[in-house]
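Trainee: I'm new to reading structures, and I'd love some help with this one. Please pick a single part, look at it closely with me, and explain each term as you go.

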Amino acid sequence: MDMQTIRELQAYGFFFFVVFLVCVLYGYCYHLYRSERTGRRDYEKYSNLAIQDDLDSAILERKI
């Protein structure tokens, strides 16, 4: 293989890898949206955890 063919394969590989990562990112965002929409998780209380982080603050979830 010459160097130009190797560079071309690298470019195609990079492009498909970026497309794959974009699909994974959108899938994860959809998962977060769907799980909050159905009521399985409330991610807003997790975002408040960084602000209200005291030793005597309430526990978010109990271990089963």
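Mentor: Happily; let's follow one helix from the chain around it to some of its residues. This is a predicted model, where local features need pLDDT of at least 70 and side-chain atom pairs count only at pLDDT 80 or more, while totals for chains, interfaces and linings use all residues. Residues are numbered from 1 along each chain as its sequence is written, and side-chain values use heavy atoms, leaving out hydrogens and water.

The protein has two helices and zero strands; these are DSSP runs numbered from the N terminus, with helices being H or I over at least four residues and strands E over at least two. The radius of gyration is 21 Å, well over the 11 Å that the globule rule gives for 64 residues, so the protein is more spread out than a compact globule. That radius is taken over C-alpha atoms, and the rule is 2.2 Å times the number of residues to the power 0.38.

Our part is helix H1, residues 3-38. Its 36 residues should span 52 Å at 1.5 Å a residue, and its end C-alpha atoms are 52 Å apart, which agrees. The expected span is 1.5 Å times one less than the number of residues. After H1 comes glycine 39, with a positive phi near 95 degrees.

An unreviewed UniProt entry annotates residues 12-33 as "transmembrane region"; UniProt positions use the numbering here, feature names are shortened, and annotations may be inferred rather than shown by experiment. Over residues 12-33 the chain is 100% helix.

Now for some side chains. The structure holds one aromatic pair. Phenylalanine 15 and phenylalanine 16 have ring centres 5.5 Å apart and planes at 65 degrees, so the pair is edge-to-face. (Rings of Phe, Tyr and Trp, using its six-membered ring, pair if their centres lie within 6.5 Å; planes under 30 degrees apart are stacked, over 60 edge-to-face, and the rest tilted.) Phenylalanine 16 is exposed at 54% relative accessible area, while phenylalanine 15 is partly exposed at 49%. Buried means under 20%, exposed over 50%, and partly exposed in between, with a 1.4 Å probe and protein chains only.

Further along H1 sits serine 35, which counts as buried at 2% relative accessibility. Leaving out residues up to four places away in sequence, serine 35 touches Arg40, Arg41 and Tyr43, where contact means heavy atoms within 4.5 Å. Across the protein, 2% of the 64 residues count as buried.
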